[in-house]
Structure formats: structure tokens, C-alpha cells
Number of protein chains: 2
Amino acid sequence: MADKYTDFVSRGWGRDLAKRLGLPQPVRLRRYEPGAPLVPGPVLLIGTGPGADSLETALKGWDVEVLRDPGIATAAGGTHDAGGSASSSASPAAPGANAPTGGTAKLGGIVLALDSITRPEDLAGPVLAAGRALRSLAPNARVVTVSRRSSTADEPALAAARAGVEGILRSLAKELRSGATGNGILLAEGVSAEVPSALGALRFLLSGRSAFVDGQFLTVGTAKGELPADPDKPLAGKVAVVTGAARGIGAAIARTLARDGAKLVVVDVPAAGDSLAKVANEVRGTALQLDITKPDAGERILEHALSRHGAFDILVHNAGITRDKLLANMDAAKWDAVIAVNIAAQLRINDALMGSGRLPDGFRIVSVASTSGIAGNRGQTNYAASKAGVMGMVRSTAARLAATGGTANAVAPGFIETEMTAKIPFATREVARRLNSLQQGGLPLDVAEAIGFFASDAAGGISGNVLRVCGQNLVGQ
Amino acid sequence: MADKYTDFVSRGWGRDLAKRLGLPQPVRLRRYEPGAPLVPGPVLLIGTGPGADSLETALKGWDVEVLRDPGIATAAGGTHDAGGSASSSASPAAPGANAPTGGTAKLGGIVLALDSITRPEDLAGPVLAAGRALRSLAPNARVVTVSRRSSTADEPALAAARAGVEGILRSLAKELRSGATGNGILLAEGVSAEVPSALGALRFLLSGRSAFVDGQFLTVGTAKGELPADPDKPLAGKVAVVTGAARGIGAAIARTLARDGAKLVVVDVPAAGDSLAKVANEVRGTALQLDITKPDAGERILEHALSRHGAFDILVHNAGITRDKLLANMDAAKWDAVIAVNIAAQLRINDALMGSGRLPDGFRIVSVASTSGIAGNRGQTNYAASKAGVMGMVRSTAARLAATGGTANAVAPGFIETEMTAKIPFATREVARRLNSLQQGGLPLDVAEAIGFFASDAAGGISGNVLRVCGQNLVGQ
């Protein structure tokens, strides 16, 4: 398999194609391990003002070495005012380019505080400073922008500057190599860079938890949220319900939330009872066999969580099915089954829960959407309808949960290595897997980490977001 | 060139790749010709309620035969209640599939009135009816959905149903073949399907003017706007200024607006004076040699338009440059030049015009953005910053022009066949050109047609939109 792929991208047409699509050799991604450093080296912090100062304080609190002199790592072989710790002798970001030399530690990341820009012309200084440091990035490093969400209320120049960051970040993410990613944080007007969810998002994006998140933005809408006492146990004491948890991504979600301290209720259809029991046992949670399309599914989930665990803090709508057919060949049974499981059930369960008067303040809903719901996909009109529907539902539900401090968000996976994708024919799978900036499929764990972040107290100010976990998959609107 | 491409997609790995990416033989697209029928056959109108009735009335007013019985073209060889005019003996949408037989005219389009759906379950009926008719579509036919924009103010089920349409349309557009396209109209709450801009958008999307628009949505925000007296001269009597008009897309815009009845001011840098004069002569307009980055550019444009033509109704910001480099190699000169021309100049000119007090009510601004500004592009951090900036600017400017009935919109071209793209190396260009649902690059004319639509009175209720003209290019967020 690897040989065929390597042959193809090594010469002639295939080489040109690979170059155009950005398909070099994929690297093993850095993923989260409890106790490991947050980033693989010091972080270069670019930007001035209170936003940058807040970020520096937070980074240092996380035991990250912070370099603030943009003079470091400038031009080839430049001086190293910050102790030479940010330069490198190799050049992971641009192999063969004219790399700075003489330093000891490569950069673990670059953070650009852009929250005070007011005109497009303001972007040049910090962005070019970041550019000069790119050759010093360690493999699996992170670039994170912190800027403000563009709004129609902004004056045109301000709106242009803020929107411009999205073009920069998405381009830059496509230029990074060796497992490095680029993502951004968008602060709503009036929300400072030091609010818990901005710092929580920064930590998530710097960490190995966001390994397969690339070219994406998290929007922090409010100052709500709270950083965890123990960053390795951000869900300590929470009770979480995960649907479709007997296998695949659902099982990974259950394991990941349990690892992070949550008590789990794993839900799946009775036919998957054995697998479900194993997962429940593994995560020391309880199993609930349930067809989520039944009218009383919401009530049964609520009763189970409250009676068995005495609380119910997090609901992860993961259960979903595919019944692919070209629309010209689609029958009502295939269409209706997908709509019933993937969206109608989520709506009915949410209705029951939100109408019960028994949810705690700060309740979290996280739904699994799909890049197919964003970009559409041949053969998936029904699936894309359901997943686009999930995104619409999440935005609306977020508005309804805001009064009690709750949040609703969605994660949109791209190509994830599962039993389902393993059944795709070789060449199709091989192409699909590489059509993203990280040149590989993601793992169920990567989806689970993003869900864990949305479920955490640190994300209390983040609601109505749809986060793609797709390695910056090429596809889009 | 064609041989190499055909060889590649005809066997082995290449065939699988082509299948995955949807790269069969491209067809010649149907483009607008004055006097030609709006669509290449009758239109099947699916849906009930006042929205559908309004659309039927409009279609008939445009001399389009309307079929409203979804029983036509059901299942293979079914009955043909509408005179058998909607079936076909071949199957352009799904070659080799079980096609209905016996009819005489293939469908020129399918219009789905979905504006009254309230739950995701409501989608099945009309969408499956459309599916049954897909095999009867003529080459270069159109599928257009008319639905409501999903909003956080919607109840979750309503938001899910409305958002679901986007997933359906984007998937369906990827399933259509033979030059057929799928696009949608999103009505804001309280805006009916019979307002001028909804009908104007429908006409645009059905026509050959939208040949390279695929998988996209136009949002109608208000009941403003007016359908033209003569649909072949929608810009009659308007004075339009086009920047960067000496060649390429800018020249095509000038020609297209002139064809549609506008009086033209073509603007370009003095160095392009000869080419500019030729274009001005060709469109019987006037030429203005001007560096748009100069502080007085706005005033000079205004003075020229008013003094030479006595009016100024439409401004098209087309002028733009690229200075591609990986950010690691980007210098300040390349960065600054792109920002100065592509976004800062537009902002300064708009400021001068909007502050002059001399613009008429209903003034139109249309900017050329780029799919690079949406998706990012390797080597184009500066260009993507400027083009994403244009989109932010347009949304903000739209809000500011609303009080006087003006609009600001942007067109985001994908791969367009120009002198610039002709210089891309063969294999890269060949791949880039095919990476969209229409398997070909667009023409400068296609960009110009979209700009012409935004500039027209019919689009008076459409503002702050960014319309991709990209053949449903694969790339996205």
C-alpha cells in the first residue's frame, strides 16, 4: 500500500499532482499524553498590548518558555536575543531553505496576538515576524492566532483586517509541514484574550489534543467558563452520556471523556449490547441499551443518568448512520432512516431534556456533524442533510441554552480511520486520506479530544461553534 | 494535453482517482445568449404553498413551461401525467441507469420550493420527488432550491430543516453531470419567494449567466429591488466603473456590463493605457488611467463618472495583484503591495465615495474576492489576507449602504481560464482545472455575469453576499 502511494507521488504526473495537492510523506502526529509538555519547545509570542500580556502570563503558568522578541529567528543566521533558544539547525517548515543556525531548541509554537489590529495594513508586522520564525518550528509545532471575530458592526477597515486573519491562517496552515498545524481563536467584541475560554482554547490548540485540527477557528463568545484545577482531569466529577458508544468514534469518545475524569453512560442499540457492555466495563461506566429514535429516548437517558449517577452534565450526540445512494436512486427507506437517527432523534432528545426542568446550569451538548454536511458529498444527500441539520440545530440550541450557561457545539470530522472507512476501496481511500494538509486520516481519538474540550468547563464561553476535525481537508463550500 | 488527461483518467489509479474526485469528460457549458430560451426544456416545480405558486407565475412569465405534478418522471417508465414532456430516452444524470422512456422533451430544470418546511422530516417528500426526476434532466439543466435561511432565532427543528437544505444541495450538485448545476436561494425571515430579488436570483440561476456557479447559495435579505423591463438589458442607463479593466476578468466585466446596457468607465494603471483604450473603445465607454492606491483615487473616479456621464451607479472593484511566496520567504514589499492594491485601495475609495454625499440611492458595489480568501492557498498568505479582507469589508459595507438602498457584494472566482492561469505548469493546471463539479475552468465571462447580476436592479434585496463562481471547486474552509 505504502509502496504504491510512494511510487505514485515520486515521479511524473503523480509528483506534480502530489505537489499541487500538498501530498508529501505524512508524519506521525503528536497526540496528548498526560504529563507531557504542552508544546515541543518554547513558544514565540508575537504582538503587543494587554492581549499578548495575558497570553504570556497564561503560557508561563503552563510551564511553557515564552520568547517575546520577534528579533529572534529573523533572517538566516541572525542574532539570538532570547538566548538562542528559538533557532534551529534544520528546517522542518521548509526543507532545504536557508535556515538559521546555532540555537539549541526549536520552537514549539508561535502565538500571534492580533486582537488589537484595526486596519489590513496592521497585519504585516506580526505576520511577517511569524514568517521569519517558521523555519525554526519543531515538528508537530503549533501556530495559533488570537484575533477578533469580524462583524457587520465593525467599520469596513476593521472588518477587513479581522476577516483577513482567516485568509492568512488558512493559507499558512497549508504551508506548514511535519505535523505542525495552524489554528485561530476569534474573540467576540468585548471579550478579552484572558477570559477562561480563550485560554482554554489556546491550551487545546497548542496541545496534542488538537492533533488533527488544522486551519480552523474557535469563536469565544462570552467570558463564561473556568479553567480546570487539574488540566489532565478537565472533566473530573462530570457525568457524561455518549450515544452510539459501542464502537468506533463513540467508543473513543467514551474512553477519552473517562480518561479526563468523567463518569460515563454509554448508549447504543440493543443489538450492540455486547460491545456496549465491554466499553462500559472498560470505562467503568454504565450501559444503557436504547434505540434513540424511540419517543421516550430523552426521558430514559435522563432517568438513567440521574438514578445511576445522581447527575447529568454532558450529552454527546454521536450515534449516526449512513445509507449512501445517488439521489436519483435513493428510496424513502434509506432517506428516512438517516434523517430519523442522525437529526430527528437528537432534536427529540434535546427537547425532552431541555423541557424537563432537570438539567443543571451549564449543561453541555456536543454533536457529531461531518464535513459532508458542510461541503456536501456525492451519494450522501441524506447524510449531508442530516449533518447540515445538526449544525443548524446546534446554533439554535446554543442560543436557547445560553440563559442557563449551557453550551451546544458540534464537531465535524473529516476522513477518520474507522471500520467504516477501512471498507472504502483502496485507491479511493488512499486519495481521500491524503486530501488534507496533514496528508493522513485522523483517529477516532482526535474527534473525541475535540468533544472533550467542548464538554469541559474551560469551554464555557464557546457555544454554537462547529469545529472541523479534518486535518484541513480540502473540501468545503 | 487532452490525450494525457484522458489517458490518466481512463485506467488504474487514475481512473479510481477520477472517480473519487468526480473528473469525467467535461462538457461545453450553456452560457447566456440574448433571445435564447431561459432553460433548455420545461421546469419541474416541486412544492406547495404560496411560495411555489409565486414561482410558477414568474416562470410562466418568462415563457418557461412549468410542470407541477411530481408524478411525472417517477420510477422507470412510469406514467406521464403532464403530457409526457418531462421524460427522456437517455439518461444524462446517471448514464446506464434505468431511465424513463417515451417522452419528448427533457427537463430544463427542477425548482424546489422548500420555504415552508418546518422539520427535517419535511424534506423527504420534495427531495425524493426531485431525485426521481433527475434522470430526465437535459444537459446543462438547473436545479434550484428556494428555502429559508437558518437562524439562531429559529426553533432547533426549524433551524435543522433549513440548514439541512444546504447539505442536500451541495451533495446533489456533486451528483449532477453534463453541465447541469445545483444552486439555492435562501430567503431571510419575512421575505417571500415573490420579492424581486428572489425572482431575479431564480432567473439568474436558471439562465446561462450562472454557467460556472454550482453548489452555491444567494441570500435574499429584503423585499427591495426591481425586475428589469427588458431582461436582456438589465443595466440599461446605468453608469458603471470597473477597475483593472484593461485585460482579463476586468475587460470581460466591462464587456458584459456594456452588453447588458450600462455605460462604462474603465480604469487601469497608466502602464496599461493602450489596452485600456482598446477596451474603452470596444465598449463605447471612457477610460480613466489611475493608480487606485493613490489617496485621491476615489475622488478622481467620482469626478470622472459624474463629469463624463452625469451619473455613477455601479462600482466594480476588480483590480488585484498576486505576489506569491511561502510565508517563510515572504518579504515586506510583496506583502504590502498585495494588501495595498487588493484591499486598502478598495477601502479608501469606498470611504471617499460614501463620504462624498454624491452617491445616488441604490448605489452598487461589487468586489472580486477569491476562493483563496475562503479556503486559503499555499503561497498566498498575502493574497488570501486581502481577499478574505474584501469579504469582511463587503459585509460591513453592506450594512452601511442599507439605509440608502445600496448594496455591497463580492464574487469569489475559483479556477478561471486567464493569461495568469495559462502560465501555471501543465499538470498542476490540469488538476486545478478539474477539481470542481463541472470538471473545467470557468471563463472570465462567468465572473462578469455574476457581477452583472449583483449590479442589477433585480438584486436590490441581496447584499453582503459572497458568491463563489468556481464550478463547486473542491476547496473550502
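**Exercise 1. Decide whether Gly109(B) is buried or exposed in this predicted model, and place it in its surroundings.**

Step 1. Start with the accessibility. Gly109(B) has a relative accessibility of 0%. Buried means under 20%, so Gly109(B) counts as buried.

Step 2. Now find its element. Gly109(B) sits in strand β3 of chain B, which covers residues 107–113.

Step 3. Look at who touches it. Leaving out residues up to four places away in sequence, Gly109(B) is in contact with Pro42(B), Val43(B), Leu44(B), Leu137(B), Ala141(B) and Arg142(B).

Step 4. Try a distance as well. Ser136(B) is 27 residues from Gly109(B) in sequence, and their C-alpha atoms are 9.4 Å apart in space.

**Exercise 2. Take two loop residues of chain A, Leu29(A) and Asn465(A), and work out what each one touches.**

Step 1. Leu29(A) belongs to the loop between α2 and β1 (43–46) of chain A. Its relative accessible area is 8%, so it is buried.

Step 2. Skip the neighbours within four places in sequence. Leu29(A) then contacts Asn140(A), Gly179(A), Ala211(A), Phe212(A), Leu438(A) and Gln440(A). Ser178(A) is 149 residues away from Leu29(A) in sequence, yet their C-alpha atoms are 8.3 Å apart.

Step 3. Asn465(A) is in the loop between α15 (444–455) and β13 (466–469) of chain A. With a relative accessible area of 7%, Asn465(A) is buried.

Step 4. Not counting residues up to four places away, the residues touching Asn465(A) include Phe217(A), Val394(A), Ala408(A) and Phe454(A).

**Exercise 3. Explain why helix α6 of chain A is described as largely enclosed.**

Step 1. Count the buried residues. Helix α6 of chain A runs over residues 196–206, and 10 of its 11 residues are buried.

Step 2. Draw the conclusion. With that many buried, the helix is largely enclosed by the rest of the structure.

Step 3. Check some names. Among the buried residues of α6(A) are Pro196(A), Leu199(A), Gly200(A), Phe204(A) and Leu206(A).

**Exercise 4. Find out how exposed Asp63(A) and Ser178(B) are, and look at their phi angles.**

Step 1. Asp63(A) is in the loop between α3 (50–61) and β2 (66–67) of chain A. At 75% relative accessibility, which is over 50%, it counts as exposed.

Step 2. Its phi is near 60°, a positive value in a residue other than glycine.

Step 3. Ser178(B) is in the loop between α5 (156–175) and β5 (181–187) of chain B. At 22% relative accessibility, Ser178(B) counts as partly exposed. Phi of Ser178(B) is positive too, near 55°.

**Exercise 5. Trace some salt bridges and say what they tie together.**

Step 1. Get the total. There are 40 salt bridges over all chains.

Step 2. Take Asp446(A) and Arg31(A), whose closest N and O atoms are 2.7 Å apart. Asp446(A) lies in helix α15 and Arg31(A) in the loop between α2 and β1, so this pair ties together parts of chain A that are 415 residues apart in sequence. Both Asp446(A) and Arg31(A) are buried.

Step 3. Move to chain B. Arg209(B) pairs with Asp260(B) at 2.8 Å between the closest N and O atoms. Arg209(B) is in the loop between α6 and β6 and Asp260(B) in the loop between α7 and β8, so they link parts 51 residues apart in sequence. Arg209(B) and Asp260(B) are both buried.

Step 4. Finish with a network. Asp53(A), Glu56(A), Lys60(A) and Arg68(A) are joined into one by salt bridges that share partners.

**Exercise 6. Describe how chain A and chain B meet.**

Step 1. Count the residues. In chain A 85 residues are in contact with 84 residues of chain B.

Step 2. Give the area. The two chains bury about 6,900 Å² between them, 66% of it on carbon and sulfur atoms. Trp13(A), Leu327(A) and Gln477(A) supply 11% of the area chain A buries against chain B, more than any other three residues.

Step 3. Look for pairings. The interface has 2 salt bridges, and Arg400(B) and Glu155(A) form a salt bridge at 3.7 Å, N to O. Another count gives 24 residue pairs in polar contact between the chains.

Step 4. Ask which helix of chain A contributes most. That is α5(A), with 13 residues on the side that touches chain B. The residues of that side divide into 42 nonpolar, 25 polar and 18 charged.

Key:
Residues are numbered from 1 along each chain as its sequence is written. Chains are lettered from A and ligands numbered from 1 in the order in which they are written. This is a predicted model: local features need pLDDT of at least 70, side-chain atom pairs count only at pLDDT 80 or more; totals for chains, interfaces and linings use all residues. Side-chain values use heavy atoms; hydrogens and water are left out. Contact means heavy atoms within 4.5 Å. Buried area is the accessible area (1.4 Å probe) that two parts lose on being put together, summed over both. A salt bridge is a side-chain nitrogen of Lys or Arg within 4 Å of a carboxyl oxygen of Asp or Glu. A polar contact is a pair of N or O atoms within 3.5 Å; within protein, one must be able to donate a hydrogen and the other to accept it, and residues adjacent in sequence count only if both atoms are side-chain atoms. Helices (H or I, at least four residues) and strands (E, at least two) are DSSP runs, numbered from the N terminus. Ala, Val, Leu, Ile, Met, Phe, Trp, Tyr, Cys and Pro count as nonpolar, Asp, Glu, Lys and Arg as charged, and the others, Gly among them, as polar. Buried means under 20% relative accessible area, exposed over 50%, partly exposed in between (1.4 Å probe, protein chains only).
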